Structures are given as C-alpha cells and as structure tokens.
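Open the model in a viewer with the backbone as a cartoon. The stops below each give a selection and what to look for there.

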Amino acid sequence: MVPNKHDPSRLERICQAKGVKMTGQRRLIARVLSDSEDHPDVEQVYRRAFAIDSEISMATVYRTVRLFETAGVIERRDFGDGRARYEAARGDHHHHLIDLDNGKVIEFRNAELEGLIEAVALELGYRLEGIRLELYGMSAPRSAEEAHTRTKQLQARLAQAVRDRRPR
Ligand SMILES: [Zn+2]
C-alpha cells in the first residue's frame with residue numbers, strides 16, 4: 001500500500017510510542033523530519049514545514065525540534081559550521097563525511113573502524129558508550145589530468161576573486 005498523507009509518519013509513530021504528546025503542528029514537523037533524507041538545520045525544517053502550513057512559526061519549530069531531540073526521536077549533528085543539523089534517530093551506527101567544497105554530507109558505516117575505536121576506549125580504561133565522528137574532506141583527484149584541471153579551475157577562481165575585489 002502506498003503511504004497516505006494522513007497516515008502517521010514514521011517519526012510520529014515513534015513519538016506516540018514514547019508518549020510524546022502530539023499536536024497538528026508537531027505531527028507536521030515529525031513528517032517533515034521523517035521525509036528529509038538530508039540533515040536539515042532548524043531553518044530548513046521551518047521552510048519545509050511552512051511550505052505545507054504557513055501558520056507554523058519558527059518558535060514552534062524550534063521548540064518541537066528540541067522536544068523531539070530530548071525524547072530521543074531525532075539526533076542532533078554538528079558538522080563544524082556552527083549550525084545544528086537534525087536527522088531521525090535510526091539506532092544504527094553511521095558516521096558522516098562532509099565535502100568541504102560543496103557542503104555535501106555523505107553517510108558511511110565501518111564496523112572495523114568502530115571496533116578499533118572501541119579498543120582505544122578499552123585501552124584507556126573505558127567502556128565505549130558512544131561515538132561521534134565527522135570526517136571533513138575534499139574529493140581527491142583521480143588522475144594527474146584531473147589534478148591539472150582542478151588546479152587550472154582553482155587558479156581561474158582565484159583570479160576571478162581578485163578581479164571581483166578590485167575597486168572599479
Ligand atoms: Zn546521518
């Protein structure tokens with residue numbers, strides 16, 4: 001069966017299971033977060049919710065996101081740009097790589113890496129309770145030719161930036 005707009009979203013069902021009191025607007029925010037496949041910040045959640053219900057306020061979105069976070073329904077992420085991002089808590093162990101060129105966020109899993117981190121914690125005398133890991137990178141050129149093209153592009157961008165700064 002195709003999910004119906006009026007069916008509770010995945011997050012709404014989790015909220016209900018956790019005893020979070022739901023209102024129409026909370027339901028809407030739960031749906032927006034459920035449908036988001038990226039890692040939106042509060043402003044993006046607000047814009048998406050506003051597109052569906054223009055009655056919703058930024059303050060409501062803020063409060064609701066906070067409430068969902070406290071209830072453990074969503075997780076807050078920090079990708080180093082000072083904006084908190086959110087995603088539905090999935091209970092899996094995934095990490096993020098942030099592309100510094102375009103801000104794209106790539107999710108990845110690596111059991112070997114987690115085992116290693118667990119071993120480090122044990123070695124330090126701790127039982128691991130959580131991992132927060134973000135990688136920051138720029139996509140590496142795959143060939144000398146690509147590296148050359150990238151350098152040319154970068155030089156052109158720098159030259160353009162210098163031209164743009166020059167007073168006319
Ligand atoms: Zn994620």
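Select R76 and Y86: R76 stands opposite Y86, which belongs to strand β2. Residues are numbered from 1 along each chain as its sequence is written. The model is predicted: local features need pLDDT of at least 70, side-chain atom pairs count only at pLDDT 80 or more, and totals for chains, interfaces and linings use all residues.

Widen the selection to residues 74-78 (β1) and 84-88 (β2), two antiparallel strands joined by five bridges. Strands here, like helices, are DSSP runs numbered from the N terminus (E, at least two residues, for strands; H or I, at least four residues, for helices). Two strands pair if DSSP finds at least two bridges between them. Five residues lie between β1 and β2 in this hairpin, and G80 in the turn has a positive phi of about 80°.

Next, show residues 42-52 (α3) and 58-70 (α4). How do their axes cross? The axes of α3 and α4 come within 9 Å and cross at roughly 120°. Axes are lines fitted to C-alpha atoms, for helices over the stretch in contact, with angles from 0 to 180 degrees between N-to-C directions. α3 and α4 are therefore oblique to each other; angles under 35 degrees count as roughly parallel, over 145 as roughly antiparallel, 65 to 115 as roughly perpendicular and the rest as oblique.

Turn on side chains for V42, V45, Y46 and A49 in α3, which meet M58, V61, Y62 and V65 in α4. Contact means that the C-beta atoms, placed from the backbone, lie within 7 Å. The residues of this contact divide into eight nonpolar, no polar and no charged. Ala, Val, Leu, Ile, Met, Phe, Trp, Tyr, Cys and Pro count as nonpolar, Asp, Glu, Lys and Arg as charged, and the others, Gly among them, as polar.

Move to the open sheet of three strands, ordered β4-β3-β5 with mixed pairing. Its edge strands are β4 (105-108) and β5 (134-137), each paired on one side only. From one strand to the next the twist averages 25°. Select residues 95-99 to see β3, which pairs with β5 in the parallel sense over four bridges. Within that pair, H96 stands opposite E134 in β5.

Finally, zoom out to the whole protein, with its six helices and five strands. Along the sequence the pattern is α-α-α-α-β-β-β-β-α-β-α. The C-alpha atoms fill a box of roughly 55 × 55 × 35 Å, taken along the principal axes.

How values were computed
Contact = placed C-beta atoms within 7 Å.
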